Amino acid sequence: MQKSTPLFTPVLIAGCVIMLISFAIRASFGVFQIPIAEEFGWLRVEFSMAIAIQNLAWGIGQPIFGMLAERIGDRKAIVMGAVIYAAGLVLSSFAVSPGAHQVYEVLVGFGIAGTGFGVILAVVGRASSDENRSMSLAIATAAGSAGQVVGPPVAEALLSLMSWQMVFVVFAVTILAALMMLPLMRAPEPASKAELEESMGAILGRAFRDPSYTLIFLGFFSCGYQLAFVTAHFPAFVTEMCGPIASGSVLHGIGITSTSALGAAAIAVIGLSNIAGTLTAGWLGKRYSKKYLLAGIYTGRTIIAAWFIMVPMTPATVLIFSVGMGSLWLATVPLTSGLIAHLYGLRYMGTLYGIVFFSHQLGSFLGVWLGGRMYDIYGSYTAVWWVGVGVGAFSALVHLPVKENRMQPALT
């Protein structure tokens with residue numbers, strides 16, 4: 001019998017800190033859309049493409065870092081990711097052309113992969129007991145949401161004090177400082193003997209032949225599309241389209257006096273709401289079918305997104321949308337990663353989740369790029385928003401046929 005471990009372990013605490021910092025930086029990139037475009041006179045699609053490439057590189061890098069962590073060790077993979085992340089940020093601070101930004105965002109994307117979900121959740125999952133795993137994964141994911149709470153407002157505040165180039169340098173130093181948590185990242189290997197003896201090729205072959213793995217892969221696409229589009233474009237969307245903030249209102253009273261500030265605050269509200277939503281998803285994932293919970297989350301996202309685009313945008317509707325979408329934002333991550341661990345075991349969870357996450361990042365690439373492209377063509381985000389509604393409905397349906405029976409390791 002596997003010995004039970006406490007919920008809050010040193011591995012979980014360290015993983016939460018690294019995730020918080022990594023995602024605080026990543027979530028702030030939408031705040032730089034307008035300042036960078038205005039400084040260089042670029043079309044919206046130019047910096048959007050850089051963020052889109054960042055998301056695609058993140059997706060490509062995720063299974064690579066998952067494999068590296070399983071080959072050379074988790075901590076070495078995290079160090080590599082943080083160094084690449086910092087290098088990409090510093091180089092981006094010197095970029096003066098769209099092409100340079102787009103090339104350097106490849107490094108940022110790989111850095112996020114090495115300090116984000118795939119590596120951290122795999123370590124946390126292995127360090128958790130069976131009864132705590134779903135909640136541990138939710139807590140680590142919620143730490144990423146906490147980063148989203150602080151990242152955009154911090155970026156907005158720093159931009160009032162220094163240039164966007166210096167903000168990138170500050171962020172580079174911060175991600176390197178996160179490596180101070182690495183001594184705590186020592187995870188056991190709670191895998192069965194059969195799992196430990198099974199090769200990576202064998203487990204990948206079993207997963208690729210399983211229709212349920214394909215459905216999970218397809219379903220995660222819309223999650224990436226919706227999250228990346230909102231993170232990259234929602235601040236600008238709100239800045240340009242939202243009704244004015246009334247003098248004497250609660251928002252005005254707490255210092256949010258412009259739609260630009262509201263756009264940054266909306267991303268933070270989404271992250272704050274998702275802390276509760278993700279923890280709730282982790283609690284429910286231990287008790288109910290993960291596939292039905294995932295289908296419900298995507299259905300909820302579809303409804304709230306359709307409502308928002310059909311009503312006039314006001315500060316009130318922005319906040320309602322942010323709370324509603326935020327409660328469902330990263331709630332898919334502990335359920336998806338937990339479902340993969342349940343179906344295929346823990347030994348190669350990082351690699352298997354990384355491959356599924358690549359689908360997420362394909363969606364992210366499309367959401368960010370298409371948002372900028374269609375904005376430049378039509379002068380609004382309405383069409384690309386409706387595409388997001390459609391792919392959300394698709395993901396709600398595609399999770400229903402998933403079979404949650406665990407596949408046993410092949411006997412040798």
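The second largest cavity of this predicted model is lined by Phe23, Arg26, Asn55, Trp58, Phe117, Leu227, Ala228, Thr231, Leu330, His360 and Ser364. Four elements, helix 1 (10-27), helix 3 (44-72), helix 11 and helix 17 (349-378), each give two or more residues to this lining. The greatest contribution comes from helix 11, which supplies three residues. The volume of the second largest cavity is about 60 Å³. In terms of residue class, its lining comprises six nonpolar residues, four polar residues and one charged residue.

Phe117, one of the residues lining the second largest cavity, belongs to helix 6. Phe117 is classed as buried because its relative accessibility is 2%, below the 20% limit for that class. The burial extends along the helix: eleven of the eleven residues of helix 6 (residues 117-127) are buried, and the helix is therefore largely enclosed by the rest of the structure. The buried set consists of Phe117, Gly118, Val119, Ile120, Leu121, Ala122, Val123, Val124, Gly125, Arg126 and Ala127. Between Phe117 and Ser327, which are 210 residues apart in sequence, the C-alpha to C-alpha distance is 19 Å.

The search for enclosed space covered the whole structure and returned five cavities of 30 Å³ or more. The largest cavity has a volume of about 80 Å³. Its lining is formed by Tyr225, Gln226, Phe229, Val230, Ala305, Phe321, Met325, Val384, Trp385, Gly388 and Val389. At least two lining residues of the largest cavity come from each of helix 11 (211-241), helix 15 (315-326) and helix 18 (382-398). The lining of the largest cavity contains nine nonpolar and two polar residues, with no charged residues. Helix 11 is thus named for both cavities, supplying at least two residues to the lining of the largest cavity and three residues to that of the second largest cavity.

Beyond helix 6, Asn132 is located in the loop between helix 6 and helix 7 (133-159). Asn132 has a relative accessible area of 15% and is therefore buried, the limit for this class being under 20%. Asn132 and Gly243 are separated by 111 residues in sequence, and their C-alpha atoms are 45 Å apart in space. Ser337, a residue of helix 16 (residues 332-344), is also buried, because its relative accessibility is 0%. The C-alpha atoms of Ser337 and Ser134 are separated by 8.9 Å, although the two residues are 203 residues apart along the chain.

On the surface, Leu20, Val150 and Val154 make a nonpolar patch of about 190 Å². Leu20 is part of helix 1, an element that also gives two or more residues to the lining of the second largest cavity. With a relative accessibility of 31%, Leu20 falls between the limits of 20% and 50% and so counts as partly exposed. Met180, by contrast, counts as exposed because its relative accessibility is 67%, over the 50% limit. The position of Met180 is in the loop between helix 8 (164-177) and helix 9 (193-197). A distance of 9.1 Å separates the C-alpha atoms of Met180 and Ala14, which are 166 residues apart along the chain.

How values were computed:
Residues numbered from 1 in each chain as written. Predicted model: local features only at pLDDT ≥ 70, side-chain atom pairs only at ≥ 80, totals over all residues. Heavy atoms only, no water. 1 Å grid on protein atoms, 1.4 Å probe; cavity = no way out; pocket = protein on both sides within 12 Å on 5 of 7 lines; lining within 4 Å. Points joined across faces, edges and corners; volume = space filled by probe spheres on them. Nonpolar A, V, L, I, M, F, W, Y, C, P; charged D, E, K, R; others polar. Patch = residues over 30% accessible without salt bridge, like charges linked within 9 Å, V, L, I, M, F, W, Y side chains within 5 Å. Areas by Shrake-Rupley, 256 points an atom, 1.4 Å probe, with all protein chains shown as cover. Salt bridge = Lys/Arg side-chain N within 4 Å of Asp/Glu carboxyl O. Buried < 20%, exposed > 50% of the residue type's maximum accessible area, 1.4 Å probe, protein only.
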